[in-house]
Amino acid sequence: MDITRITVEHVRVATDQPFEKATKAFEEQTGRFDPSAYQHLNAGANPEEIRAKIKAMEGPSGFMLFKASDHGALLRLAGQKKKALQYLVGNPLFAIQMTEHDIRASLYAPLRVLIYENEQGKTCVVYDRPSSLFGQFGNPKVTEVARMLDRKLEQLVDKAIQ
């Protein structure tokens, strides 16, 4: 077993924007991923046709939503009432640009973003900077894509909290 320590840059942005407005704006910037694209590839579909279908799933940000988990609802099991949504966002066409060079990059694709309301009533958006996650692989081609993801994710968050 190998264990490697890495430094992850954790980004947190707080805003007075209401939680509901920020999550709605975030979701409007993402497309929706349809997992049947993978099923079609496994069944032997034309890769270029599937690439075009995946491209069509992109939202204005270039990202698509894979899943949203309502952690606020889950906290009701602990008797707490909070607002918190965790998003899995990414784009398989971005991911393949990294995983073709190092399959381990798939560990962090798609990315996680959490939007929650803190105790002071502010909406917070938190995520780990992609280049700090993917940079551990030491591959310049992977790092180049990860830096592009840094910019795109920052733009997505900025639009969500405007």
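**Exercise 1. Work out whether Arg-129 is buried, partly exposed or exposed, and find its salt-bridge partner.**

Step 1. Start with the accessibility of Arg-129 in this predicted model. Its relative accessible area is 27%. Partly exposed covers the range between under 20% (buried) and over 50% (exposed), so Arg-129 is partly exposed.

Step 2. Now look for the partner. Arg-129 forms a salt bridge with Glu-9, and the closest N and O atoms are 2.7 Å apart.

Step 3. Check where the two sit. Glu-9 belongs to the segment before strand S1 (10-15), while Arg-129 is in the loop between strand S6 (123-128) and helix H6 (130-134). They are 120 residues apart, so this pair links distant parts of the chain.

Step 4. Finish with Glu-9: at 39% relative accessibility, it counts as partly exposed too.

**Exercise 2. Find where Glu-48 and Arg-51 lie, and say how exposed each one is.**

Step 1. Both residues are in helix H3 (residues 47-56). They are three residues apart, which is about one turn of the helix.

Step 2. Their side chains meet in a salt bridge, at 3.5 Å from N to O.

Step 3. Compare accessibility with the cut-off of over 50% for exposed. Glu-48 has 52%, so it counts as exposed. Arg-51 has 40% and counts as partly exposed.

**Exercise 3. Describe the salt bridge of Asp-102, then say how many salt bridges there are.**

Step 1. Asp-102 pairs with Arg-104, at 2.7 Å from N to O.

Step 2. Asp-102 has 12% relative accessibility, under the 20% cut-off, so it counts as buried. Arg-104, with 47%, is partly exposed.

Step 3. Some salt bridges share partners: Glu-20, Lys-83 and Glu-117 are joined that way into one network.

Step 4. The count comes to nine salt bridges.

**Exercise 4. Classify the ring pair of Phe-26 and Tyr-87, and find which elements hold the two residues.**

Step 1. Before starting, recall that a pair of aromatic rings is described by the distance of the centres and the angle of the planes. The count here comes to six aromatic pairs.

Step 2. For Phe-26 and Tyr-87, the centres are 4.7 Å apart and the planes are at 35 degrees. Stacked would need under 30 degrees and edge-to-face over 60, so this pair is tilted.

Step 3. Phe-26 is in helix H1 (residues 19-28) and Tyr-87 is in strand S4 (residues 84-90). With their positions 61 residues apart, the pair links distant parts of the chain.

Step 4. Phe-26 has 1% relative accessibility, so it counts as buried. Tyr-87 has 0% and is buried as well.

Step 5. Try Phe-33 and Tyr-38 next. Their ring centres are 5.1 Å apart and the planes meet at 50 degrees, so this pair is tilted. Phe-33 is buried at 12%, whereas Tyr-38 is partly exposed at 39%. Together with Phe-66, these two form one aromatic cluster.

**Exercise 5. Decide how compact the protein chain is for its length.**

Step 1. Count the elements: there are seven helices and six strands. Along the sequence, the pattern is β-α-β-α-α-β-α-β-α-β-β-α-α.

Step 2. Take the radius of gyration, 17 Å, and set it beside the 15 Å that the globule rule gives for 162 residues. The two are close, so the protein chain is as compact as a globular protein of that length.

Step 3. Add the burial: 43% of the 162 residues are buried.

Terms used:
Residues numbered from 1 in each chain as written. Predicted model: local features only at pLDDT ≥ 70, side-chain atom pairs only at ≥ 80, totals over all residues. Heavy atoms only, no water. Phe/Tyr/Trp six-rings, centres within 6.5 Å; stacked < 30°, edge-to-face > 60°. Helix = DSSP H or I, 4+ residues; strand = E, 2+ residues; numbered from the N terminus. Buried < 20%, exposed > 50% of the residue type's maximum accessible area, 1.4 Å probe, protein only. Salt bridge = Lys/Arg side-chain N within 4 Å of Asp/Glu carboxyl O. Rg over C-alpha atoms; globule rule 2.2 N^0.38 Å.
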